[in-house]
Every structure is written in C-alpha cells, then in structure tokens.
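Please keep the sequence and the model side by side while reading. The paragraphs below go from one chain to its contacts and then to a second chain.

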Amino acid sequence: MKELEKTKRISFSAVIIILAVLIGVLSFKKPNNIFKKNIELTLKPIASQNYILYQKDIFATTINNLAFIDIRNAFKYSKGHLKNSKNIYTANLLEKKNKEYLKHLETQHKTIVLYGSEPGEASGAWMLLTQMGYKNVKLLCVKTNYINNKFSISDYPLEKEQYNYAAYMKKASSGGIKTKKIVRKKVIKLTKKKKKVAEGGC
Amino acid sequence: MGPLIPNGIIPPEWNFVIAILIGIVFGFTLEASGFSSSRKIVGTFYGYDFAVLKVFFTAALVAMIGVYYMDYLELVNIEELFVLPTYTWSAITGGVFMGLGFVLGGFCPGTTLCAAAIGKIDAMATMLGIFIGIFIFSELYDFIEPLFDSSYLGRITISDSLGISPYWFIFLFAILAVITFYVVDVIRKRVKKVFY
Amino acid sequence: MSKTYKIKKVIVKTEYKVLAALLIILAGGLVLLPKYEKNSGIKPESFLLNIMSTERYITTDQIADKIIKQDPNLLLIDVRKKEDYDSFSLPNAVNIPLEDVLSSDSEAYLNQDEYDVVLFSNDNFYADQAWQLCNRMGYKHIYVLKGGLNEWFNTIINPKEPKVTEPELAFKQYDFRKAAGMYFGVGNNKTTTTKVKPKKVIKLTKKKKKVAEGGC
C-alpha cells in the first residue's frame, strides 16, 4: 500500500516538468542579432588587410558596385557627405530598417563601404558587421574635411609612424634634441578662506 | 545567461552556501530512496533490487534532457559547463577498485555518509575504510602517478567520442533507459524475493 | 478494499509508463526542435554600446605616470608586428601581433583578472581592433592607449611647450612631461651606454575555469 501513496508525487513531478518545458518554450524569443561563431571570419581580413579601401581604389573600381555608408551622426552628415552615401549612425546600426537595408545591399552583391571622419571611427562598425556575418564590408581609409563650406576627403595615414622611434630615441638620449627651460611668471596663489562649517552627525 | 556563478549573476561567495543546500537535498534524496541500506545497494549486484540503477539512470536522463533544453533556450551555455577530464586507464582501474569496495562494503562514498548519519555501524566502518584508502593512495601516489596521468583524452563527452549529435545521443539514451527499466523489472520478478 | 487497491495498482502501472513516455517524448523533442545558430561571445547590442563608449581610452600621461610609479597591475601589450616591436617599444611591453590576439597563447595575457592590460600600436587603430576582438570574447580589464606611440612621442618624449598665456595646468602638465621624458631617456647621457634592459617576463597561467568536482 505504501508504494501506492507515491503516485501523487509522480504525477506532480510529471506535471511540473511539462509545465516547465512549456513555459520555457513559449517564453523563448530567438535573439535578433547574433555574432557568428566563426572568428576566422574576422581574423582573415585583418591579417590580409584587404578590408581597407583607399581613396584611389574608389576610382579604380566601378563605383556602381560600392554602397557608401556614412557612420557619422546625422548632424555631421547633413553638413556634407560623399555622393550617393547613406547615413547610418553607428549607434543605429542594429535597428531593423537599417539591417534590412544592409541585407538588401548584400543580396544585390554590392560592397558596403563604411566611412567616418577617420578610419578609427568606422572600425567599430566594420567589426560589428563583419562579426555578424556580413561578407562584403570594407572600410574607407580617409579623413573627411569640411573647409569653406565644402566637403572633401583626403587620404589618412593609417597607423603610420610619425617618428622613426628607435632612431629618435637614440638621438634624444644622447642630448641631440635640446629643450630650453622656460621661465614663468610667478603666480601668487590666493586661497579663499573657508567658512567654518558646523559639523555634526546623528 | 547561465551558468550563474561563473557569469557573475550570483556572487562566488555563495558557492559554499549553495553547495551545502544542494548537499542536504542530495542526502535527503539518498535516504528517502532507501540508499542508506547496504542490502538495497548490493541488490543491484545480486539481482534482487534495482532501485540504485533506476534512480541514477533516471537522474542522468532528467539532468541531460533538462540541461540541453536549457541550452536550447539560452538559459545555460553548455560550453561553459565543467566536463570531467578523461584518463582512460586510471578511470578503468579506479572503477574496478570502487566496484569492489561497493560490493564489499555495500555503500558508495555518498551513501556511506548518509548511512553513518542515521547511525549504521557498518557505514561508520566503511567510512574508516575510505580514509585508510585515501591515506594509502596518497602515500603511494609517486608510485601510481604514471598510471594516474596516462592516456589523457581531454574533456570529452560520449557524444564527442562517438561523433554523433548530442541530441540523438540523448534520444537513444532515453530509449535505452526505458528498455533497461523494463528488463530489470522482469528480472526482479523472476528472482526469489529477498526481505530486508 | 480490494477493488480500490486494484484500481490504484493500475494507476501506478500506467503512471510509470506515462513517465517513461514523457522522457522519451522530451528527448525526441530535442532531436526534432529546429536548430538555430547561437550567439557566441557577448551580445551584439552590448558590443555596440561598448564601441560607442570612450571608456577604454587611457592617455599617454596616465600611462607614463603608471610606468614611472611602477604600477604592478599594469601590463602593456604591443599589437604591432614583431619587427616594429623589436626596434622600439615601451618599457616592459609584451608583443602580441594583431593577428594573434585570439590565439591560445595570448589568451593567458588577455583573459585574466590580475592586470590592467593596455593595448597600443602606432596610432590607436590596430589597438582598437584588438580591443574590439577581445571585447567580443568578453575579456575584461582591457584598455587602449589613446593616440598610440605617435601620441607618446608627441607628448612625453617631445612635449610641446605651452604658450605663456596658457593656464597654469598646461605648465604643470608640461613639467610632468619633461620629467617623464627624462625618465624614459631623453637628454640623459648616462643611459646611452647602458645596455638595454632585458624585457620583463611576466608569467601568466591560463585562467582555469572554476572546477566543480563531484560524485555520488
């Protein structure tokens, strides 16, 4: 007889398991955006550096195949931008309509070219899109200028060393680079007297 | 989301508190299933009681299904879960020794403590035996070490080494488990009843 | 009595069958459920927030200060190519070329809790990319040297003299930079003959996942 009393426990546990699975499945939402597992996807272009487009490349290829995306904010974009470029601010990249637009470009086999006021600004957007599995995304290595109400782009010295570091250090350490001492005017500091505050606590 | 502690959802300080709570529940379940009786445990070996087999098979099955459902629903990341590393030969040798002790003493390490807690003298003796065994093992460790570390296969699971999808493995395992339960029941009915 | 007993017995028998069927159905459900690609690493949404934030940047002045004070928690990582690293790098920096950032050897340096890792390159473009790769993997305590080595030379090694009209703070900064530059070897005749300091080797053990062992 005793064994029979356990029947209730069994049916309870069965019902609870079914409920748990049902609630889990029903409340589950597929994630909208995912990072692809394949990390090679990103490392390969980084190693070969072929994701960087230079200004001269734009004119070399047929411009019809390129879709420019301006990842600066709308204010900067409205002041001036590349011809035929669309403005998608980095922060809005994951919005539904923007993703649809990017997907649309991909189905047309267009190369998505990102640019910002300098390459560093667009590198985050490039990384995001590439790791999410977009294939034809490139980064335009230019600096945008806005001079005399005119928008223009110029080449950006990407990761170029401004000094020959080792040689410069050698010269500097042997005293080859003189630095003069400057004499400054003395400034008399005045400190305001603080009013005494009655301190207290509970 | 999970596992909760490595992902920082529960602070690691809670580790031991949770461990103690789970331990208490585990001990309660062992005792409630009657596992603190050595006769019940060795029953699996002599073929008159298969409660141990059924309980552990069911536990493995439920846990397996649960974990994989949770992984599917992104409640737990299965790749972050700990998998015990496999050392083939030391596992086999250790298994043989443990099995021997199992039949001799009538307890596995967990149930020993359970039975000792409810005052069984034989369990206390087995506990003493466990400590002596640990002592001998530690003293002989230098001698045993080559075997202990040999044939390391890494952190693999059965579905990894068989090369099949874990989902299919679970399905086959479930069918196998149910068949085993049935067969075991048939055997139990044929064997002469033992009262204990 | 005997009748209810029989009924109950039937319930028990079928109940176990129901349980068995339930387990098999659930297991079969796993096989049948449509598979989808899972996200790996942090979520794209939080990655986007992280790249928009400038919290990762650390200035050359801060780094100089940390090096001079010999901050034990600082770990500098040079993500340029090996040749560049060999010709010049910051003191005690470790070289991990950008392509190797995700290799298993570098994981010991990047995925850890003990050090504040500062990545740098000539500019901060490559360092930024290395940071982004690490961030996606969920590594913590990683920073980027703003402006990279170019900025380092412009500010610490060859600081620009402030104009007389500039505020007090600019002069203070200039003084600091001059002194720091001297520490790093500017105009310091004595250091020309000294041999190059051997690079400090930091031994790191791979972060092990916390292990929970158990058995019955």
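**A walk through the predicted model**

Chain C holds nine helices and five strands, and since everything described here comes from a predicted model, it should be read as such. Followed along the sequence, the elements of chain C are arranged in the pattern α-α-β-α-β-α-β-α-β-α-β-α-α-α. Of the 216 residues in chain C, 31% count as buried. Among the contacts in chain C with a separation of 6 or more, 66% are accounted for by residues 24 or more positions apart.

One pair of helices in chain C can be followed in detail. Helix H3 (residues 60-68) of chain C and helix H8 (residues 168-183) of chain C have axes that come within 11 Å and cross at roughly 50°; an angle that is neither under 35 degrees nor in the range 65 to 115 counts as oblique unless it is over 145, and H3(C) and H8(C) are therefore oblique to each other. The crossing in which H3(C) passes H8(C) is left-handed. On the side of H3(C), the contact is made by C:Asp61, C:Ala64 and C:Ile68, while H8(C) contributes C:Gln173, C:Phe176, C:Ala180 and C:Tyr183. Sorted by class, this contact of H3(C) with H8(C) has five nonpolar residues, one polar residue and one charged residue.

Helix H7 (residues 148-157) of chain C is largely enclosed by the rest of the structure, because nine of its 10 residues are buried. The buried residues of H7(C) are C:Gly148, C:Leu149, C:Asn150, C:Glu151, C:Trp152, C:Phe153, C:Thr155, C:Ile156 and C:Ile157. What do the buried residues of H7(C) pack against? Within chain C, their partners are H3, strand S4 (116-120), helix H6 (125-137), strand S5 (142-145) and H8, and these are joined by H8 of chain A.

That last partner leads to the contact between the two chains, in which 49 residues of chain A are in contact with 51 residues of chain C. On the side of chain A that touches chain C, helix H2 (7-27), helix H3 (40-48), helix H7 (119-131) and helix H8 (165-173) of chain A each supply at least two residues, and H7(A) gives the most, with seven residues. By class, that side of chain A has 29 nonpolar, 14 polar and six charged residues.

Chain B can be approached through its domains, which are assigned as domain 1 (1-84 + 182-196) and domain 2 (85-154). The centres of these two domains of chain B, taken over C-alpha atoms, are separated by 19 Å, and their contact takes 11 residues from domain 1 and 12 residues from domain 2. On the side of domain 1 of chain B that touches domain 2, the elements giving two or more residues are helix H1 (15-32) and helix H2 (38-46) of chain B, with H2(B) providing the largest share, five residues. The residues of that side of domain 1 divide into six nonpolar, three polar and two charged.

Two backbone details remain. Most residues other than glycine have a negative phi. B:Ser151, in the loop between helix H7 (141-149) and strand S2 (152-154) of chain B, instead has a positive phi near 45°, and B:Ser151 is exposed, with 12 other C-beta atoms within 10 Å. C:Gln70, which is not a glycine, has a positive phi of about 55°; C:Gln70 is placed in the loop between H3 and strand S2 (74-78) of chain C and is exposed, with 8 other C-beta atoms within 10 Å.

Methods:
Residues are numbered from 1 along each chain as its sequence is written. Chains are lettered from A and ligands numbered from 1 in the order in which they are written. This is a predicted model: local features need pLDDT of at least 70, side-chain atom pairs count only at pLDDT 80 or more; totals for chains, interfaces and linings use all residues. Axes are lines fitted to C-alpha atoms, for helices over the stretch in contact, and angles run from 0 to 180 degrees between N-to-C directions. Helices (H or I, at least four residues) and strands (E, at least two) are DSSP runs, numbered from the N terminus. A crossing is left-handed if the near helix is turned anticlockwise from the far one by less than a right angle, and right-handed if clockwise. Two residues are in contact if their C-beta atoms, placed from the backbone, lie within 7 Å. Ala, Val, Leu, Ile, Met, Phe, Trp, Tyr, Cys and Pro count as nonpolar, Asp, Glu, Lys and Arg as charged, and the others, Gly among them, as polar. A residue is buried if 20 or more other C-beta atoms lie within 10 Å of its own, exposed if 12 or fewer, and partly exposed in between; C-beta atoms are placed from the backbone. Domain bounds come from an automatic or database domain assignment.
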